[in-house]
Amino acid sequence: MTTAEPTVTVPVAPEAARWRPDTRGWGVRVAAIAVLVGIVSWRLATLEGLWADHISQAVIFAIIGLSLNVILGYTGQVSLGHHAFVGLAAFVAAQHVTERAGCLPEEGCTAAPAGAFAVAVALAILSGIIASGLLGIVALRIKGLYLALITLTYGFVAVNSIFEIPSLTRGGAGMPAPRPEVFLTDHRYMVFCIAALGVCLFIDWRFLASRIGRAVLAIKNSEPVAASYAVNVTAYKLMAFMLSGAFAGLAGALFAYRRQIVVANDFRFESALLWVLMVVVGGLGKRAGVVIGSMFFALFPYLIDLATPLSDLLSKLDRDPEEFTLLIGPGLALLTMIKFPGGIAEQIRPLTNWFAGNRFTMHPDGKSRHKAGLLSRVRGNSTPPPEEST
Amino acid sequence: MRTPHVSIVLAVLLALGLFFGNNVENGPNAFITLGVMNGAVYGLVALGIVLVYKGTRVFNFAQGEFGTIGAYFLFMCLSSGLPFWLGVIIAIAGTLVLGLALERVVIRPLIDAPRINVLVATIAITLALIGLEILIFRIEPQSLRPLMPALDAAGNPAGITIFELTIEPQRLIALGVFAALGGLLAWFFSRTDLGLAVLATSQDSFATKVVGIGVPRMSRFIWGVSAVLGAVAGILYIPLTGTLIPAVMTSNILIPAFAAAVIGGMTSLPGAFIGGIVIGVVQSVGGWAGGHFTIGDKTLNLVVFGVEHVMIFVVLLVVLLARPQGLLGKEA
């Protein structure tokens with residue numbers, strides 16, 4: 001005996017079409033980007049030597065930031081030993097040009113052969129990949145706080161053991177790293193660094209959009225869930241680790257040729273910890289924020305110098321602006337974590353959101369977040385979620 | 001009870017090492033003794049780390065820097081002409097105040113944040129403290145007077161001699177203080193209501209709130225005690241190396257101390273004690289073996305630089321991979 005079930009048609013709310021700007025809206029956005037890029041490149045093109053060098057340093061910091069962002073932001077682990085990767089790569093790059101390609105400054109060699117330079121950069125990247133890969137193979141089964149501890153210890157060992165090998169580092173005197181003819185001026189070198197940052201940003205973007213990137217994010221969200229969907233947790237984490245190592249290696253090579261000499265003392269644990277903080281300040285997992293945050297960390301001693309009353313006060317006190325790095329950086333990081341989670345990326349989100357073709361709003365997540373929980377955040381636009389049908 | 005078993009096995013191993021080392025010329029005996037003495041300082045810092053982990057489930061990277069700050073407080077007091085005992089009291093009190101202030105300003109707002117955030121926060125604290133030291137005292141090595149002079153009135157080395165190594169009184173004091181504090185804390189956690197409340201908070205802060213234990217009070221207590229432990233470690237350790245420069249405790253002691261805490265199981269106070277000694281001995285004997293490693297009658301050149309540091313990494317890795325709960329670890 002069957003009774004006919006009354007057929008109930010559940011009204012399905014039509015999927016809210018994503019708001020897109022019209023032609024004029026796109027025009028304004030493209031024009032704004034063009035003006036921004038124009039101003040920045042005009043400023044960069046007319047920079048004098050010293051500031052070109054500062055910008056190179058900032059760009060190198062940005063690459064280091066991206067490298068750490070892969071681990072901190074995408075896999076959700078903490079690496080406190082990045083000074084080991086960057087330092088090792090810097091020494092490898094310098095050693096290849098001087099010891100193996102035979103461009104010794106003490107014998108009057110001022111510019112490295114371009115071929116040797118290219119090989120040195122490639123070797124540095126490779127050393128970064130190998131170092132992080134080896135560490136990853138051994139240590140990635142360890143998670144969270146303990147992994148942070150292992151990476152810290154790894155950095156400690158690198159500083160006290162690897163950086164002591166005289167044939168690699170020439171002891172405390174440092175290993176010279178002459179630049180090739182093309183990049184001999186600071187200005188040209190800056191352009192090279194910016195190009196390298198561009199490549200890193202592109203790779204990072206494609207990485208996150210790929211299968212591997214999605215897997216890594218899934219693992220960050222929940223390792224057991226990801227594993228139950230047959231995601232090979234260790235392998236994907238290892239890939240993220242190696243990408244991070246590759247960026248760190250590139251940054252190390254750039255680091256070496258910026259100062260044209262590599263000294264073990266440049267890579268102390270303080271720098272690795274500061275790099276972690278700059279990524280936190282920039283905003284974990286957010287490319288633009290990380291780049292801005294890292295550049296700020298590299299540049300603010302020089303920015304203090306620009307502010308004349310401030311630098312006058314400091315010189316009266318017989319203080320160097322760089323001495324404040326270890327005070328202002330951590331201070332900003334604490335402020336970020338306690339008051340502004342999300343960092344710089346969160347603060348500039350109204351802008352980045354607008355550039356990405358959404359309505360301009362000061363609260364990209366919208367008030368609806370409180371009503372509808374996470375659902376409304378999927379797209380990050382201000383469309384209210386479909387009403388619950390009864 | 002596994003604690004006595006592990007302790008007995010380690011003691012027997014140590015005794016065997018000392019016994020066989022006795023017949024070797026330039027043997028490892030002096031190094032083992034030195035290792036035990038260094039281990040006392042590692043263990044003292046490890047106690048603070050374990051305490052914070054037990055109480056709040058946080059890795060406290062600032063533990064080493066509490067020591068440097070304490071030593072700097074003492075240094076300031078001594079250079080302004082205060083008597084030594086008053087300096088020690090002021091140093092400990094000053095570090096205590098600092099620890100409480102940091103807990104209030106930094107740790108309390110993050111009490112419900114993911115643990116990895118709190119870890120990064122303690123890193124920020126460490127760097128900020130280092131920055132402060134650099135700003136105030138510059139990167140200039142200072143010296144700090146030991147509790148008891150290393151030379152007696154006649155100018156001879158004081159202290160006792162074990163295996164051709166004279167142990168300075170300061171090291172003996174460090175070992176004694178370390179053992180006493182370790183015992184005191186172990187008693188505190190297992191026998192007092194407050195200790196039990198602290199443990200309960202770390203396991204389920206909501207449930208403890210329900211039964212009427214103030215979570216902020218526990219957090220304040222933990223950070224205060226760990227700051228005091230840090231200051232004591234700094235005051236005892238700095239005179240042994242002779243130099244007081246910014247970041248000295250973080251760069252020299254923090255990592256061995258963490259390794260000691262992990263070996264002990266992160267939550268075990270006797271474990272931190274044993275771990276400290278183990279790390280000290282491993283480091284010291286590793287350094288000795290690296291310099292004396294022989295096969296047949298050919299002396300191998302020292303291939304690996306900084307063997308004693310590599311040893312820490314290897315020990316830590318092996319413990320974490322093979323026995324993540326450490327020697328004596330258990331939940332709370």
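Author: A salt bridge is a side-chain nitrogen of Lys or Arg within 4 Å of a carboxyl oxygen of Asp or Glu. This is a predicted model, where local features need pLDDT of at least 70 and side-chain atom pairs count only at pLDDT 80 or more, while totals for chains, interfaces and linings use all residues. Residues are numbered from 1 along each chain as its sequence is written, chains are lettered from A and ligands numbered from 1 in the order in which they are written, and side-chain values use heavy atoms, with hydrogens and water left out.

Reader: How far apart are N and O in the salt bridge of A:K237 and A:E223?

Author: A:K237 sits in helix α10 of chain A and A:E223 in helix α9 of chain A, 14 residues apart. Helices (H or I, at least four residues) and strands (E, at least two) are DSSP runs, numbered from the N terminus. The two side chains meet with an N to O distance of 3.3 Å.

Reader: Is A:K237 buried or exposed?

Author: Buried means under 20% relative accessible area, exposed over 50%, and partly exposed in between (1.4 Å probe, protein chains only). The partner A:E223 is partly exposed, at 21%. A:K237 has 4% relative accessibility, so this lysine counts as buried.

Reader: Which residue forms a salt bridge with A:R349?

Author: A:R349 is buried, with a relative accessible area of 15%. The acid it pairs with is partly exposed, at 30%. The closest N and O atoms are 3.8 Å apart, and the partner is A:E346.

Reader: How many salt bridges does the structure hold over all chains?

Author: One of them joins A:R259 and A:D266, with the closest N and O atoms 3.8 Å apart. A:R259 is partly exposed, at 40% relative accessibility. Between chain A and chain B, the count is 0. Over all chains, the number is 7.

Reader: How much area do chain A and chain B bury between them?

Author: Buried area is the accessible area (1.4 Å probe) that two parts lose on being put together, summed over both. Here, 84% of that area is on carbon and sulfur atoms. The total is about 3900 Å².

Reader: Which residues of chain A lose the most area to chain B?

Author: Contact means heavy atoms within 4.5 Å. By that cut-off, 42 residues of chain A touch 43 residues of chain B. Three residues together make up 18% of what the chain A side buries: A:L145, A:Y146 and A:F156.

Reader: Which element gives the most to the side of chain A that touches chain B?

Author: Four elements give two or more residues to that side: α4 (114-139), α5 (144-160), α11 (269-282) and α14 (325-338) of chain A. The top contributor gives 12 residues, and this helix is α5(A).

Reader: How many residues of the side of chain A that touches chain B are nonpolar?

Author: Ala, Val, Leu, Ile, Met, Phe, Trp, Tyr, Cys and Pro count as nonpolar, Asp, Glu, Lys and Arg as charged, and the others, Gly among them, as polar. The side includes 4 polar and 6 charged residues. Its nonpolar residues number 32.

Reader: How many residues are in the largest nonpolar core?

Author: A nonpolar core is a set of buried Ala, Val, Leu, Ile, Met, Phe, Trp, Tyr and Cys residues joined through side-chain atoms within 4.5 Å. Those with the most contacts inside the largest one include A:I150 and B:F59. Helix α2 (residues 49-75) of chain A gives the largest share, 16 residues. The residue count of the core is 195.

Reader: Which residues is B:F59 in contact with, leaving aside neighbours within four places in sequence?

Author: In chain A, B:F59 touches A:L145, A:Y146 and A:L149. In chain B, the residues are B:Y53, B:L119, B:T122, B:F258 and B:M266.

Reader: Where is A:A230 found?

Author: Most residues other than glycine have a negative phi. The phi of A:A230 is positive, near 65 degrees. A:A230 is exposed, with a relative accessible area of 69%. Its place is the loop between α9 (223-228) and α10 (233-259) of chain A.

Reader: What is the phi of A:Q260?

Author: A:Q260 lies in the loop between α10 and β2 (261-262) of chain A. This residue is partly exposed, with a relative accessible area of 29%. A:Q260 is not a glycine, yet its phi is positive, at about 65 degrees.
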